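Reader: I'm going through this one piece by piece and would like a close look at a single spot. Could you walk me through it, and then set it beside a few other places worth a look?

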Amino acid sequence: MSVLPAVPRRDALRLLAGGLALAAATQPASATAPVRSSARIVVLGAGAAGTAIANRLVRRLDGASITLVDKRREHLYQPGFSLVAAGLKPASYVVDGRTRDWLPAGVRLLEDEAAEIDPEARRVTTRSGTALDYDFLIVATGLELNWGAIEGFSLELVGENGIGALYAGPEYAERTARAVHAFAQKGGTAILTRPNTEMKCAGAPIKHTFLVEDIVTTAGKRDDAEIVYCSNSKVLFSVPIVSEKVRMLFGERGIGTRYEHVLKAIDPARRIAVFDTPEGKKELGYDYLHVVPPMRAPEVVRNSPLPWADKWKGQYWVEVDQQTLRHRRYPEIFAIGDVAGVPKGKTAASVKWQVPVVEDHLVAQIQGREGRELYNGYTSCPLITRVGRAMLIEFDYKDNLTPSFPGVIAPLEELWISWLMKEIALKPTYNAMLRGLA
Amino acid sequence: MKELSFSTFLAVFEEMFGRELFWGLVAAALLVTLVFVVMVVRERRLESRRFLRAELTAPLGAVLAMAFVFWFTNSGPANIGGPIDWVILAAIAVAGGGGLVMASYVLMGLMRRRRRARAMPAADQRPGPGAARPLANFKKAA
Ligand SMILES: Cc1cc2nc3c(=O)[nH]c(=O)nc-3n(C[C@H](O)[C@H](O)[C@H](O)COP(=O)(O)OP(=O)(O)OC[C@H]3O[C@@H](n4cnc5c(N)ncnc54)[C@H](O)[C@@H]3O)c2cc1C
C-alpha cells in the first residue's frame, strides 16, 4: 500500500528480526533460561502467596518437582470482601474461580491439609497421612480467624441480629451488607471493632466504618445514628501519619472513637458488646456491631517448631528474616503472606513484593549464589473513605509512605482515582499477580 | 507497585476485560485509526467539511465516555476529589470525544464513497469537476 514507506519487504523483516534479537540479548539471563534442578519444593497453601510463587517458580526452574497442599477448592479474592459487605458487589465477585485453575501445568496440587511439619526430617505430613519430603518448604498458609475467642459470638448470628463479620467469607460478607443496610434504615448505635493482634489488611475495619457512615448518610438517617470505632491501641492505625489523617477524617465525619477497647464478648439477646479496657471491662450497647476476631497462624504452624518464641506471643507467626523471608533457623524454609512473622505486610499487595524476593533467594540457593532481592515491608491498602473515594496508602517497615505514583496520586488525599483503582484495577492486578505476571 | 512495566500493564488489562475482549478493543481502536489515516492519505487531505461535521460529535463522545465510567463504577461526579481526578476525567472525555470524532469521520467517508460508487455510471457519463479526482485516487489505491 502507498502508506508504507518504500522499504523492501525483506529488508523490513530483517530489521524486525534484528530488533527482536537485540531485545532478547539485553534481557536478564534469568528471564530467559530456566535453571535446571531436581529440587523437591513443597508449598503449603494455594492462596494469594502460594499460587503466585508456584506460577513464578515453574517458569524459573526446569525439572524441579513442585507440590502445593491446600484443601480449599475455590480461590477467594479477599480484598473484595469490603465491597461485598457494603452491598456494592455480590458474593460471587470474590469467588475467583477454582484453586486448581490458577495453577500452572507442571505442579501438583494435593487437595488436603498439612497436618504436621517436621523441619529436622524435612517432611510434611498431610491430614490424610501423605508424607511429603522436601528440599525447600514454602509456608503460605495464611492465617486463622479465631472466632471462638469472642465469647457469645457464633457465625450463625451474622446478618440478622445487627451483627456483621465481613472477614468470615463471601457469604458472611453478604450477610454483613444486609445488617448494615438494616441499620441504615433504623439508625441507632454502630460499634466497629478490630482485634488486639496482627491482622490481615488492618485498614479493612476502618474502611468498613467509613462505608457504614456513608451508607447511613445516603439513607438520610445520619442524624439518628451514632457511629463509634473502637481501636485496640492508643492509635487508629499503626503508621502515625495515616493514623492522624484517619483521626481528622473521623472528626470531620462525626465518627466517635474509643481507644484501647478490645472486644471480648457479646450478648446478642441484649445487644451488648463487652470490651477489655485499661480500666477493666466495659459494656457498650449496639444496634450494629462489626466483629473482627483475633488472628493467629493456622494450627499446623502453631504446633510446629517454626514460630517465633519471643515475639507475638499467642499468635505464632513464622520466624523469618524481615528482608529475605527465609526462616532464621531452617534455611530451606521460607514463609510468604499473612503467616510470615514480620511487622506489617499482611496484605495481598505485600505478597506481590514478597514473592519475587523468595523466588530470588530460593533459585539463588539452587544455583549456589547469594540472593539479592530484599523485602522492605511494603504494605498497601486502598483506604476507602466513602463510596466513590479512597486514599491509596502505601508504606514500609519504617512507617514511611512509599507512594507508587509520587507527585501524581497523593496518598493522604481522598481521591476518585484511588477508588477506581480499588474498584476496577485491584482485582485484575491481583489476578495478574496470581499468574506470576505482576 | 513493584514491577510497573509495560507487560504488567498489559497483563492487568487482559485480566480486566478478558483476553479476547481486550485485544478485540485494541484491534478495533487500531482499525479505526488505520482507516482514518489511510483515508486521509488517499484523499490527500483532511476533508474539512466532513471533519467539521465529525467534530460536532465530540461533546457527545466526551459526555458518553464520562457517563460510561460513572455508570460502570460505583461513583459519580461528586466523588471527584483532587487535581489528578480532574486530569483523569479530562483524559476520559478527550478519549471519548476524540474517538467518536475519528469514528464518525471514517464512517461519513465510507458512506460517501459507497454513495459515489453507486452513482458511478451516471458520473462517468457526466463527469463533474469535483468527482473525478477522488475517484481516480480510489482506483489507484485499490
Ligand atoms: C476483609 C479483607 C480485606 C482485605 N483487603 C485487602 C486490600 O485492600 N488490599 C490488599 O492488598 N490485601 C487485602 N486483604 C489481605 C489479603 O487478602 C491477604 O493478605 C492475602 O490473601 C494473603 O495471602 P496468603 O496467601 O498469605 O493467604 P490466603 O490468601 O488466605 O491463602 C492461604 C491458603 O492457605 C490454605 N491453608 C490454610 N491452612 C492450611 C494447611 N494447614 N494446609 C494447607 N493449606 C492451608 C488456605 O486454605 C488458603 O487457601 C484483605 C483481606 C481481608 C480478609
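Author: Sure, let's start with A:A149. If you skip its neighbours within four places in sequence, A:A149 is in contact with A:K264 and A:P294. Keep in mind that this is a predicted model. As for where A:A149 sits, look in the loop between β12 (144-145) and β13 (163-164) of chain A. Is A:A149 buried, exposed or partly exposed? Its relative accessibility is 34%, so A:A149 counts as partly exposed; the partly exposed class runs between the 20% and 50% cut-offs. If you want a distance to go with that, take A:R73: it is 76 residues apart from A:A149 along the chain, and the two C-alpha atoms are separated by 27 Å.

While you're in chain A, have a look at the backbone of two other loop residues. A:L325 isn't a glycine, and yet its phi is positive, at about 65°. You'll find A:L325 in the loop between α8 (299-302) and β22 (333-335) of chain A. With 0% relative accessibility, A:L325 counts as buried. Then there's A:D399, also not a glycine, with a positive phi of about 65°. A:D399 lies in the loop between β24 (389-395) and α10 (416-434) of chain A. Here the relative accessibility is 26%, so A:D399 counts as partly exposed.

Now over to chain B. Its secondary structure is seven helices and zero strands, so to speak of the order along the sequence is just to read α-α-α-α-α-α-α. Of the 142 residues in chain B, 27% are buried. The accessible surface of chain B is about 9400 Å², and carbon and sulfur atoms account for 71% of that. On the contact side, take the pairs in chain B that are at least 6 apart in sequence: 71% of those contacts join residues at least 24 apart.

What sort of charge gathers on the surface of chain B? There's a patch of positive charge, made up of B:R49, B:R53, B:R114, B:R115, B:R116 and B:R118. Two helices of chain B, α3 (48-55) and α5 (83-118), each supply at least two residues of the positive patch. Helix α5(B) gives the most, with four residues. If you'd like one member to click on, try B:R49, which is placed in helix α3 of chain B. B:R49 counts as exposed because its relative accessibility is 63%, and the cut-off for exposed is over 50%.

Key
Residues are numbered from 1 along each chain as its sequence is written. Chains are lettered from A and ligands numbered from 1 in the order in which they are written. This is a predicted model: local features need pLDDT of at least 70, side-chain atom pairs count only at pLDDT 80 or more; totals for chains, interfaces and linings use all residues. Side-chain values use heavy atoms; hydrogens and water are left out. Patches are made of residues with over 30% relative accessible area and no salt bridge: like charges are joined within 9 Å, nonpolar side chains (Val, Leu, Ile, Met, Phe, Trp, Tyr) within 5 Å. Accessible areas come from the Shrake-Rupley method with a 1.4 Å probe; for residues, only the protein chains shown count as cover. A salt bridge is a side-chain nitrogen of Lys or Arg within 4 Å of a carboxyl oxygen of Asp or Glu. Lys and Arg count as positive and Asp and Glu as negative; His and the chain ends are not counted. The place of a charge is taken as NZ of Lys, CZ of Arg, CG of Asp or CD of Glu. Buried means under 20% relative accessible area, exposed over 50%, partly exposed in between (1.4 Å probe, protein chains only). Contact means heavy atoms within 4.5 Å.
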